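User: Could you take a close look at one part of this model for me, the part of chain A where its domains meet, and then show how that part sits within the rest? I would enjoy a connected walk-through rather than a list.

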Amino acid sequence: MSPLILALGLLAVPSANAATIAMEDQSQLQPASHAAVSQFRPPQESELPDNAYGKLVREGYALFVDTQRLAPKYVGNGLNCSNCHLDQGRLANSAPLWAAYPMYPAYRKKNDKVNTFAERLQGCFQFSMNGGTPPAADSSEIAALSVYAYWLASKAPLGVELPGRGYPDVAQPAKGYNLAQGAQVYQEQCAVCHGGEGQGQKVGEHYVMPPLWGKDSYNWGAGMHRINTAASFIKHNMPLGKGGSLSDQQAWDVAAYVNSHERPQDPRLVDGSVEKTRVKFHANDGVNLYGQNVEGVLIGQGIR
Amino acid sequence: MMSLERVLMGSALMLLLGNAHALEGRKIFAEGGSQPGAMPCVACHGADGAGMAAAGFPRLAGLPAPYVRKQLEDFKGGSRSNPVMQPVANALTDAEIEAVSQALAAMPGPVPQAVYRGDMPLNAAQKLAQQGAWERQIPACASCHGPAGTGLGDAFPPLAGQPAAYLAAQLMAWQNGTRHNDPNDLMGHIAKSLTAEEVQGVAQYFASLKLEAKP
């Protein structure tokens, strides 16, 4: 373990300072408790009709699971949609598309307007995929992905929050989080797939195991940069196939460790200033380290 | 400052040592180790290390050295049991294990033809391989072994082109506990969730993937 990590560990970070400035943000979704509610079931591929609609659904599916290869113009990193939306966007508690689609159009504080589903997808491209200018709302990519999401949501009620939506909130442990403990969880549980330096693993040119930080990961504007969001994703879904096996503390520690590393700059960067960007977009956006000093190092400087 | 002569001498020595190591590994592969019982790999895994599909003996050529080393050590330690391989591994010295692992990694293995994640699966086995069965917390085989079963890094071995009998035997070994040498039980818990039909299905699927000779 590097001395830096050990040093970081001395700094057990309590919960983020409660900023009171009104600002744009994209809060962690807070679905209600759904303990005893039965799960929505998306349709099977075998039910797809053999017509133009079925063909477009298949195109959307392909884009969703093979995004780097099929939409290189709009993907600036090594990720696919299905890295954060497991089981090709079908899995409950892994931000399933069938729970997202029926909730749009919706107001989002992130850009202070009512967003259509197309605009929501554009946001994914811009931040999670670090893709620069996203595909146009009437592009073939957005059309195919929207149709795929619509199909998965077949027979779902409109405007009703379904159980399993988003990554159900895992509350921050009373002791806060600890980066050194997170580093240890990472090396023991995550590094075998994501690499010792969060770099992911490739076959040929394409990533199979997603990079978690560095130039090929999500940028500082992506929802996953929030420690609370990453902790919830990790708790429910990681290690792959062993969701729920980490304690809440482990999930928070490792989420903080991952999100204490540099990644591409927030594309909303204000006047080239990390501090101004922090105040405008990050100071009240859940728990995150953007623009903060950790052991004398300013986090959020971005990486190319 | 180091003279050019010394640098050259040093490089020549390094080359010679590296070569000797490789030769030793090749010798173990072809003729066996120094101790009794250390049978040559070639006897079961074929002259080019490509395995023998009919007998269920896996391909070794081109496997990552750390993976091969770990398997031989695990045969010794008992976390992977096999009546044929355990006596062989027990008879190999640590240096021989290292040498033969390096030699096998250096042997040319075939590369699987590209399979893309975006291709919609056509049958149940392919669906399991490319999408998983998440209602039972089973991720896609492809998510760790690569869409074409290429294998990833040192921990996730290639599946494409391995004999179906070998792949099925390994899944069953995880099911019955005779193999438990995977990192964090990542494979074990998946294998235990598979039905007998699924074991055969995915084994045949990966065995059937087309291979190309390494360029």
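Analyst:

**A close look at the domain contact of chain A**

In chain A, 71% of the contacts with a separation of 6 or more are between residues 24 or more positions apart. Please keep in mind as we go that this is a predicted model. Chain A has 304 residues, and 51% of them are buried. Its secondary structure consists of 11 helices and eight strands.

Let's start with the two parts that meet. Domain 1 of chain A is assigned to 3–28 + 169–298, and domain 2 to 45–152. Taken over C-alpha atoms, the centres of these two domains are 23 Å apart. Where they touch, domain 1 of chain A supplies 20 residues and domain 2 of chain A supplies 19. On the domain 1 side, the elements giving two or more residues are β6 (206–209) and α9 (227–237) of chain A. The top contributor there is α9(A), with three residues. Sorted by class, this side of domain 1 has nine nonpolar, eight polar and three charged residues.

That makes α9(A) a good place to zoom in. Besides giving residues to the side that touches domain 2, α9(A) packs with helix α10 (residues 248–258) of chain A, at an angle of about 130° and with the axes 8 Å apart. The two helices, α9(A) and α10(A), are therefore oblique to each other, and their crossing is right-handed. From α9(A), the residues in this contact are I227(A), A230(A), A231(A), I234(A) and K235(A). Across from them, α10(A) brings D248(A), A251(A), W252(A), V254(A), A255(A), A256(A) and V258(A). By class, the contact of α9(A) with α10(A) comes to 10 nonpolar, no polar and two charged residues.

Now to the other element named above, β6 of chain A, which leads us out to the partner chain. Between the chains, 24 residues of chain A are in contact with 22 residues of chain B. On the chain A side, two or more residues come from each of α2 (52–65), α3 (67–70), α4 (86–89), α8 (179–194), β5 (201–203) and β6 of chain A. So β6 of chain A is listed both here and on the side of domain 1 that touches domain 2. The largest share of the chain A side, four residues, belongs to α2(A). Its make-up is 13 nonpolar, five polar and six charged residues.

For a companion view, turn to chain B, which is divided into domain 1 (4–106) and domain 2 (111–212). Their centres, over C-alpha atoms, are separated by 25 Å. Here 14 residues of domain 1 of chain B and 12 residues of domain 2 of chain B make the contact. The domain 1 side has seven nonpolar, four polar and three charged residues.

Chain B also offers a helix pair to set beside the one above. Helix α8 (residues 164–176) and helix α10 (residues 196–208) of chain B have axes that come within 8 Å and cross at roughly 140°. They are therefore oblique to each other, with a right-handed crossing. On α8(B), the contact uses A164(B), L167(B), A168(B), L171(B) and M172(B), while α10(B) adds V199(B), Q200(B), A203(B), Q204(B), F206(B) and A207(B). By class, that gives nine nonpolar, two polar and no charged residues.

Note on methods
Residues numbered from 1 in each chain as written. Chains lettered and ligands numbered in written order. Predicted model: local features only at pLDDT ≥ 70, side-chain atom pairs only at ≥ 80, totals over all residues. Domains from an automatic or database assignment. Contact = placed C-beta atoms within 7 Å. Nonpolar A, V, L, I, M, F, W, Y, C, P; charged D, E, K, R; others polar. Axes fitted to C-alpha atoms, helices over the stretch in contact; angles between N-to-C directions. Parallel < 35°, antiparallel > 145°, perpendicular 65-115°, else oblique. Left-handed = near helix turned anticlockwise from the far one by under 90°. Buried ≥ 20, exposed ≤ 12 C-beta atoms within 10 Å, placed from the backbone.
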